[in-house]
Amino acid sequence: SPWSDPVADVVLVSHGHPDHSATERVQGNPKIVRGPGVHNRAGVTFRGISSFHDNLRGAQRGHNTIYTFTLDNLRFAHLGDLGQASLTPVQLRQIGKIDVLFIPVGGHFTIDAKAATRIMNQIKPRFVVPMHYKTKYTADRLPIVGVNEFLRGKRNIHRARHNTEILSWLEVRRQQPEILVFPPPEP
C-alpha cells in the first residue's frame with residue numbers, strides 16, 4: 001500500500017470482511033471494538049448496534065455494526081458498511097440524538113446516495129460526513145460512485161482542505177445538516 005499505517009487508540013470494526021478489517025496494520029497498540037453491545041475502551045463508551053450489510057437482512061453480505069459514542073460532549077454515529085435501505089424504529093431509538101454522522105454513500109456494497117439521504121433524514125444529525133465512495137484512489141473495477149451523487153441538491157456543503165480539519169463552528173445550530181466532505185488522504 002502507498003499509505004503509511006495509521007496510528008490509533010481505538011479501532012471500531014463494523015464487519016469482518018478482509019478488505020476492511022486490517023486491524024493488524026494499525027499502530028499504537030489500539031483497543032479493538034467488535035460487534036453489538038456496550039464496549040468501554042480508552043475511557044470512551046462505544047455502543048454497537050446490530051444492522052445488516054445488505055438490504056436482505058444479511059443474506060447477501062452478512063451483518064454490520066453501527067457504533068455510537070460521545071467525545072467532548074458531541075454524539076457520534078458511524079454506520080460502518082450499512083446496506084439497509086432504511087433504519088428500523090428500534091435501531092433509531094438505539095442510535096438516539098446524533099451530532100456527527102459518518103454515513104456510506106457510494107452504493108453497491110453499501111447504501112447508495114438515495115438511501116443515505118433517507119437515513120440522514122431519519123437520524124437528523126447536525127453534521128454529516130459521507131464515506132465509502134469512489135475517489136481517484138479507488139480501483140476502477142469497484143462499482144461504487146463518487147460523493148457528488150450524494151451531494152446533488154443538498155445545501156450547507158463544506159469541502160475540507162485536509163483530511164483532518166478542526167471545525168471551530170461545530171457549535172452552530174442549523175436547520176439542515178452541514179455536510180463535511182474530506183479529501184482522501186494522499187499516499
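These legends accompany several close-up views of a predicted model.

**View 1. The whole chain, with 3 helices and 10 strands.** Let's start with the full picture before zooming in. If you trace the chain along its sequence, you meet its elements in the pattern β-β-β-β-β-β-α-β-α-β-α-β-β. Of the 187 residues, 42% are buried. Among contacts between residues at least 6 apart in sequence, 52% link residues that are at least 24 apart. The accessible surface adds up to about 10,700 Å², and carbon and sulfur atoms account for 52% of it.

**View 2. An open sheet of 8 strands.** To find your way across the sheet, follow the order β3-β4-β5-β6-β7-β8-β10-β9; the pairing is mixed. The edges are β3 (residues 37-41) and β9 (residues 157-159), each of which pairs on one side only. From one strand to the next, the twist averages 25°. Helix α2 packs on this sheet and touches β7 and β8, with its direction at about 160° to that of β7.

**View 3. Strands β5 and β6, side by side and antiparallel.** Here we look at one pair of neighbours in the sheet. The two strands are joined by 5 bridges. Within this pair, Leu71 stands opposite Leu74 of β6. The loop between β5 (63-71) and β6 (74-78) holds Asn73. Is Asn73 buried or exposed? Its relative accessibility is 75%, so Asn73 counts as exposed. Asp99 lies 26 residues from Asn73 along the chain, and the C-alpha atoms of the two are 9.4 Å apart.

**View 4. The largest nonpolar core, with 25 residues.** The residues with the most contacts inside this core are Leu79, Ile95, Ile103, Ile119, Ile123 and Phe150. Which elements each supply at least two residues of the core? They are β7 (100-104), α2 (113-123), α3 (148-151) and β10 (178-181). Helix α2 gives the most, with 6 residues. Centre the view on Ile103 and a set of partners comes up around this residue: leaving aside neighbours within four places in sequence, Ile103 is in contact with Leu79, Ile111, Ala116, Ile119, Met120, Val128, Val129, Pro130 and Met131. A second, separate core has 11 residues, among them Phe46, Tyr67, Leu74 and Phe76.

**View 5. Ser51, a buried residue in strand β4.** Strand β4 covers residues 44-52. The relative accessible area of Ser51 is 0%, so this residue counts as buried. What does Ser51 touch, not counting residues up to four places away in sequence? Its contacts are His63, Asn64, Thr65, Ile66, Leu82, Gln84 and Gln91.

**View 6. The salt bridge between Asp5 and Arg25.** This is one of 3 salt bridges in the structure. The closest N and O atoms of Asp5 and Arg25 are 2.5 Å apart. Asp5 sits in the segment before β1 (10-13), while Arg25 belongs to the loop between β1 and β2 (31-34), so the pair ties together parts that are 20 residues apart in sequence. Both partners are partly exposed: Asp5 has a relative accessible area of 31%, and Arg25 has a relative accessibility of 34%.

**View 7. The salt bridge between Asp99 and Arg126.** Now move to a pair whose side chains meet at 2.9 Å, N to O. Asp99 is in the loop between α1 (89-95) and β7, and Arg126 is in the loop between α2 and β8 (127-131), so this pair ties together parts that are 27 residues apart in sequence. Are these partners buried or exposed? Asp99 is buried, with a relative accessible area of 9%. Arg126 is buried too, at 13%.

**View 8. The salt bridge between Glu149 and Arg152.** In our last close-up, the closest N and O atoms of the two residues lie 3.0 Å apart. Glu149 has a relative accessibility of 42%, so this residue counts as partly exposed. Arg152, at 57%, counts as exposed.

Note on methods. Residues are numbered from 1 along each chain as its sequence is written. This is a predicted model: local features need pLDDT of at least 70, side-chain atom pairs count only at pLDDT 80 or more; totals for chains, interfaces and linings use all residues. Side-chain values use heavy atoms; hydrogens and water are left out. Helices (H or I, at least four residues) and strands (E, at least two) are DSSP runs, numbered from the N terminus. Buried means under 20% relative accessible area, exposed over 50%, partly exposed in between (1.4 Å probe, protein chains only). Contact means heavy atoms within 4.5 Å. Accessible areas come from the Shrake-Rupley method with a 1.4 Å probe; for residues, only the protein chains shown count as cover. A nonpolar core is a set of buried Ala, Val, Leu, Ile, Met, Phe, Trp, Tyr and Cys residues joined through side-chain atoms within 4.5 Å. A salt bridge is a side-chain nitrogen of Lys or Arg within 4 Å of a carboxyl oxygen of Asp or Glu. Two strands pair if DSSP finds at least two bridges between them. Axes are lines fitted to C-alpha atoms, for helices over the stretch in contact, and angles run from 0 to 180 degrees between N-to-C directions.
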